[in-house]
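Trainee: I would like to go through the labels on this model and learn what stands behind each of them. Could we take them one by one?

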Amino acid sequence: QVQLVESGGGLVQAGGSLRLSCAASGRTVSSYVAGWFRQAPGKEREFVAVISWSSDNTVYADSVKGRFTISRDNTRRTVYLQMNGLKPEDTAVYFCAASSWKPPSYTTTHHGEYDSWGQGTQVTVSS
């Protein structure tokens with residue numbers, strides 16, 4: 001399994017930006033699909049964005065399309081989520097997840113396919 005640690009959350013005003021990072025570690029860091037999910041209070045965890053190992057495929061939730069950008073640097077074992085134009089409804093705990101040993105261009109939006117999760121980082125957007 002891959003160990004994941006998120007960082008970069010915080011408090012920001014509506015319209016502002018944040019960049020989340022997710023650092024991976026472990027004895028064997030496989031070719032993993034990396035996804036971001038979020039969970040707001042009283043709501044279920046929802047998919048935000050995913051990027052393939054080779055970075056040639058990305059998928060975004062409709063609610064963040066055009067505002068968020070997912071990227072990765074495999075040499076640094078880090079995945080990023082650039083969030084622009086933040087809205088109060090983006091307030092949530094954001095989780096990084098990895099789906100290990102997948103083909104280079106594979107992506108998935110289903111949280112059940114992810115075998116490693118970070119501890120989450122809080123993002124709060126004030127109106």
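Mentor: Gladly. Let us begin with a term: contact means heavy atoms within 4.5 Å. Keep in mind that this is a predicted model.

Trainee: Which residues does Ser-116 touch, leaving out those up to four places away in sequence?

Mentor: Ser-116 touches Gln-1, Val-2, Leu-4, Cys-96, Ala-97 and Ala-98. With Ala-97, 19 residues apart from Ser-116 along the chain, the C-alpha separation is 5.5 Å. Ser-116 itself sits in strand S10.

Trainee: Why does Ser-116 count as buried?

Mentor: Buried means under 20% relative accessible area. Ser-116 has 2% relative accessibility, so it counts as buried.

Trainee: What makes the link between the side chain of Ser-116 and the backbone oxygen of Val-2 a polar contact?

Mentor: The cut-off for a pair of N or O atoms is 3.5 Å, and one atom must be able to donate a hydrogen while the other accepts it. The side chain of Ser-116 reaches that oxygen of Val-2 at 3.0 Å, within the 3.5 Å limit. The side chains of Ser-116 and Asp-115 are also joined by a polar contact, at 3.2 Å.

Trainee: And Ser-100, why is it called buried?

Mentor: Its relative accessible area is 11%, and the limit is under 20%, so Ser-100 is buried. Ser-100 belongs to the loop between S9 and strand S10. Apart from neighbours within four places in sequence, Ser-100 is in contact with Val-2, Ser-30, Ser-31, Tyr-32 and Asp-115.

Trainee: How do you know that Cys-22 and Cys-96 form a disulfide?

Mentor: The sulfur atoms must lie within 2.5 Å, and here the S to S distance is 2.0 Å, so the pair qualifies. The count by this rule is one disulfide. The angle about the S-S bond is -80°, and the link is left-handed. Cys-22 lies in strand S3 and Cys-96 in strand S9, so the pair ties together parts that are 74 residues apart in sequence.

Trainee: Are these two cysteines buried or exposed?

Mentor: Cys-22 is buried at 1% relative accessibility, and Cys-96 is buried with a relative accessible area of 1%.

Trainee: Which residues have the most contacts inside the largest nonpolar core?

Mentor: Trp-36, Leu-81, Met-83 and Tyr-94 do, in a core of 35 residues. Elements that give two or more residues to this core include S3, strand S8 and S9. Outside its sequence neighbours up to four places away, Met-83 touches residues including Leu-18, Leu-20, Phe-68, Tyr-94 and Val-123.

Terms used:
Residues numbered from 1 in each chain as written. Predicted model: local features only at pLDDT ≥ 70, side-chain atom pairs only at ≥ 80, totals over all residues. Heavy atoms only, no water. Helix = DSSP H or I, 4+ residues; strand = E, 2+ residues; numbered from the N terminus. Buried < 20%, exposed > 50% of the residue type's maximum accessible area, 1.4 Å probe, protein only. Core = buried A, V, L, I, M, F, W, Y, C linked by side-chain atoms within 4.5 Å.
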